[in-house]
Amino acid sequence: MEPMTRTVPHLSILLLLLMALVACNATGTGDPAASKIDVRPFGATADGTAANLFVLRNGRGTEAHLTEFGATLVSMNVADRGGERADVVLGFDDVSGYESDANQYFGSTVGRVANRVAGGRFTLEGRTYQLATNNDPNHLHGGDRGYSHRMWRAEPHPSLASVTFRLTSEDGDEGYPGRVDATVTYTLTEADELIIEYSATADQPTPVNLTHHSYFNLAGAGSASVLGHELQVNADRYTPADETLIPTGAIESVAGTPLDFRAPELIGARIGELDDTSALGYDHNYAVRSRALKGGPGAVMAAGPVAVLSDPSSGRTLELFTDQPGLQFYSGNFLKGAKGKGGAPYAHRSACCLETQGYPDAINEPGFPSVLLMPGEEYRQFTVHRFLVD
Ligand code: GAL
C-alpha cells in the first residue's frame, strides 16, 4: 500500500499558527513577516552524507535549530527575564557528535518504540519478535540504530518557520514487523511555542511509540545542574518499575512519594529519597491527566500543561502540552561529563528530559494504553513546548 504523504503541515497546525500570529499582532509583540528558515551546513555523517541545520526563527528572535539526523532539535535559543538569550537544550556542534557514542538521544526523535521493551520481546498475532537488547536485558529507544540515529528527509516550509522530516522504516527494521512511514513536523510560532506533530502509517500490525528526547537546562545547556529547577507534573499516578526499569504492570498513586510533583517542587528537593534502583534518580513514567485528546494542538493546549519546568535564576519556564498518556521524567542520571556544544561538559543531572509517549513496555502489558498501529490507521501525536518567562 502506498503510504500517505503530506507536503504541508496538518491543517490544525496551520490554524494554531494563524491564532498565534493574530495574538501577536493584537499585543504588538513580534513581527510575523520576519519568521523564516536559514539552512546551514551541519557536517557529514561517516558515510559522507551531508547534513543540514535548519534554523527556524520567529519575530521575537527565538530560534529552533533542527537537523535531519534523528529529526533532532539541536538548539533552542530563548530569552530570560532580562531578554538575554541562551540555548536551553543539550547537543553537539555538528552531525558527527550525534553519530558518536556520546549521543544519549540528545534532542532526537525516538522510535519505532521509545522507552523499554522487556527482554526486547513481544508477541503479535501468534508470532514472537526478538529485538536488540541494547539496554541489557531490555530493548531501549528503538534498538541499535533506531529512528534517532537515521537520516530523515527534510522538507522545510520557510514561510511558516516549519520543517517536516520523513522516514521510511522497512519491514524487519531493528526486528520490528511491517513497514512504517513516519513524519515529524516541528513548527515555531510567534508565541515561542515549538509544536511537534507526528504521524505514522504501517502496512502490518506493529507497535509505534514516538517521542522527543530533548535534555533541558533552562539556565543554558552546559550549566552545572538541573536540581535547582522547579517542576510541576499534572499526574496523580505513575507506573512502578523493576530494577531494569520495566513496569510491573501496576499503576499507583504518587501521593506520599518523592514522585509527587502535583504542586511545584525543586527537582533536587527529594531526589535522595527515591528508592535505590538502577535509575539513579528520577526516571519514571507518569500516567498524565486528561489524555487521549483528539483535535490537534488547539485541543491539546486547551487541556492545560502536563508539566511545567522553570528555572528561578533566569526566569525561563517551559510548559509542556501533549495528547499522549505517558510522560517519562528523566533527571539526566546517566550523563557523565561528555563534551557537547562549544566543548561544554554535560555533567550528571545537568539537564532533564520530559518525554511524552505511550507507557514503557506497553506492547507486553494489556492493562496499558495500546501502542499498536494497524494497517489503515494513522498514528498521530501532538506535543507543544511553550517557552515563557516569569
Ligand atoms: C531516557 C531513559 C533513561 C535513559 C536515557 C538515555 O529516556 O528513561 O533510562 O535510557 O533515556 O540515556
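This report describes the ligand site and one sheet of a predicted model.

## Basis of the model

In this predicted model, local features need pLDDT of at least 70 and side-chain atom pairs count only at pLDDT 80 or more, whereas totals for chains, interfaces and linings use all residues. Residues are numbered from 1 along each chain as its sequence is written, and side-chain values use heavy atoms, with hydrogens and water left out.

## Ligand site

The ligand is surrounded by 13 residues (each with a heavy atom within 4 Å of it), the closest being Arg 116, His 141, His 213, Asp 283 and Glu 355. This shell divides into six nonpolar, four polar and three charged residues, where Ala, Val, Leu, Ile, Met, Phe, Trp, Tyr, Cys and Pro count as nonpolar, Asp, Glu, Lys and Arg as charged, and the others, Gly among them, as polar.

Polar contacts (pairs of N or O atoms within 3.5 Å) link side chains to oxygen atoms of the ligand: the distance is 2.4 Å for Asp 283, 2.7 Å for His 213 and 2.9 Å for Arg 116. The protein covers 95% of the 310 Å² of accessible area that the ligand has on its own (Shrake-Rupley method, 1.4 Å probe).

## Sheet

Nine strands (DSSP runs of E, at least two residues) form an open sheet in the order 11-12-13-14-29-23-22-17-20, with antiparallel pairing; two strands pair if DSSP finds at least two bridges between them. Strand 11 (153–157) and strand 20 (265–266) are the edge strands, each pairing on one side only.

Within this sheet, strand 14 (residues 193–202) runs antiparallel to strand 29 (residues 379–389) and is joined to it by eight bridges, and Ser 199 stands opposite Arg 380 in strand 29.

Terms used: A polar contact is a pair of N or O atoms within 3.5 Å; within protein, one must be able to donate a hydrogen and the other to accept it, and residues adjacent in sequence count only if both atoms are side-chain atoms. Helices (H or I, at least four residues) and strands (E, at least two) are DSSP runs, numbered from the N terminus.
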